[in-house]
Amino acid sequence: MGKDPANIQNALKLRQENKLLRTLSKNFSGTDFISNDYLGFSKLGLLAKNSSNASGSGGSRLISGNSDFIEETEKKIATFHKGESALIFNSGYDANVGLFSCVPQKNDVVIMDELIHASIYDGVRLSYAKHYKFKHNNVDDLKDLLHRHHTSFENVFVAVESVYSMDGDEAPLKEIIELKEQYKNVFLIVDEAHAIGVFGKGLCAGVEDKCFARVYTYGKAMGCHGAAIVGSNELRNYLINFARSFIYTTALPDHAIANISIAYDLLKENKQQPLLRANIDHFLEKVKEIPSFIKSRSAIQCMVLNSNEKATEIEDKLKKKNILSKAVKSPTVKEGSERIRFCLHAYNTKKEIDTLVKILKG
Ligand SMILES: Cc1ncc(COP(=O)(O)O)c(C=O)c1O
């Protein structure tokens, strides 16, 4: 095998020296405070009996990978989320990259929360639009940017997550909507990845018509794979024509679509959500004297530890007790805000939560 380019080797060496080298772990047996399977849907073995069991779809949606079943599922998604239409993508990453790379144009600007997900950054980087970041959840900063820039661009797209993946806190959607309503050329895009299933239909429920596009991902509380962008019929048509991550990829197979459809049925049944909510409430009660937790009502709870070493130390300490959690280090989060992240689930027991908190307090 030939030698790899020096810059690849150097980049890895640097990461290693800085103790920031990412590696793939395998052993995920233990008490689960790490996965995004908030409702436990992935463990229910959802596979639909009535879907074809073909292992692949055989082509992209625009060639041979489309079906009545996919389109019916998209209609079901649109109806559930009170949107005009939905378009399924192979993942949330693909959905965001597709949306943000093709909708904002050269004369447009994207104004996004500084903690927005990497997939949105990547989409924006592929577009010809300009972008600015506003301070996390800071409506005054957003207001200032809108005020300064709205006349210089044809369209302004404001991008937020309804629940932030690294902090677990919520976007101040009401205030952001009030603000954006003051401008004719401002369009809101909300990524609901960590809100769907945790907060019922997501946090855009009730303000659907104020959003230009909403992104629902299915790898988290929905326990399967894929994502959908919900918006107008026109947006759906536009994405089918211009979103390259939709056009140039093999469509999801029937069984993956069937899992999405069943996950929506389970969500409507609403059996797991009260269990998750009770666990979140129990956890919050238990950690209320630990001031370093970021305020969050979601399934994501983070204890800020201010250094990569401290975060790793606690992650290792918990691992020794067979408890799985995630140290989130800089540069993934800002230096000084390194943390340990716990994901709560409907299937965690109160005893598991109590044991975890006891270790954190000890
Ligand atoms: C906010 C947010 N958006 C999008 C994604 C990507 O979703 P997927 O895992 O389906 O690619 C993630 C997953 O990490 C996420 O946290």
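A polar contact is taken here as a pair of N or O atoms within 3.5 Å. In the predicted model, the side chain of aspartate 191 meets this criterion, with an N or O atom placed 2.6 Å from a nitrogen atom of the ligand. Two further side chains approach oxygen atoms of the ligand. For lysine 220, an N or O atom of the side chain is 3.1 Å from a ligand oxygen, and for histidine 117 a polar side-chain atom is likewise found 3.1 Å from an oxygen atom of the ligand. The ligand taken alone exposes 390 Å², of which 81% is buried by the protein.

The shell around the ligand comprises 13 residues. Those that come nearest are Gly92, Tyr93, Asp191, His194 and Lys220. Asp191 and Lys220 thus belong to this nearest group, and their side chains also supply the contacts to a ligand nitrogen and a ligand oxygen, respectively. By class, eight residues of the shell are polar, three are charged and two are nonpolar. Among the elements of secondary structure, helix 3, spanning residues 92-102, makes the greatest contribution to the shell, with three residues. The site occupied by the ligand is the second largest pocket.

The largest pocket has a volume of about 1900 Å³. Its lining consists of 48 residues, and Arg22, Lys326, Ala327, Val328 and Thr332 lie closest to its centre. Two or more lining residues each come from helix 4 (118-126), helix 11 (308-320), strand 10 (323-324), strand 11 (326-328) and strand 12 (339-343). Helix 11 provides the largest share, six residues. The lining of the largest pocket divides into 17 nonpolar, 16 charged and 15 polar residues.

Enclosed space was examined separately. The count of cavities of 30 Å³ or more is one. The largest cavity holds about 70 Å³ of space. Its lining is formed by Arg61, Ile70, Ile88, Phe89, Asn90, Ser245, Phe246, Thr249, Ala251, Leu252 and Ile257. Strand 2 (85-89) and helix 8 (244-247) are the elements that give two or more residues to this lining. By class, the lining of the largest cavity contains seven nonpolar residues, three polar residues and one charged residue. Arg61 is among the residues of this lining, and arginine counts as charged.

How values were computed. Residues numbered from 1 in each chain as written. Predicted model: local features only at pLDDT ≥ 70, side-chain atom pairs only at ≥ 80, totals over all residues. Heavy atoms only, no water. Near = heavy atom within 4 Å. Polar contact = N/O pair within 3.5 Å; in protein donor to acceptor, adjacent residues only side chain to side chain. Areas by Shrake-Rupley, 256 points an atom, 1.4 Å probe, with all protein chains shown as cover. 1 Å grid on protein atoms, 1.4 Å probe; cavity = no way out; pocket = protein on both sides within 12 Å on 5 of 7 lines; lining within 4 Å. Sits in = over half its atoms within 2 Å of the grid points. Helix = DSSP H or I, 4+ residues; strand = E, 2+ residues; numbered from the N terminus. Points joined across faces, edges and corners; volume = space filled by probe spheres on them.
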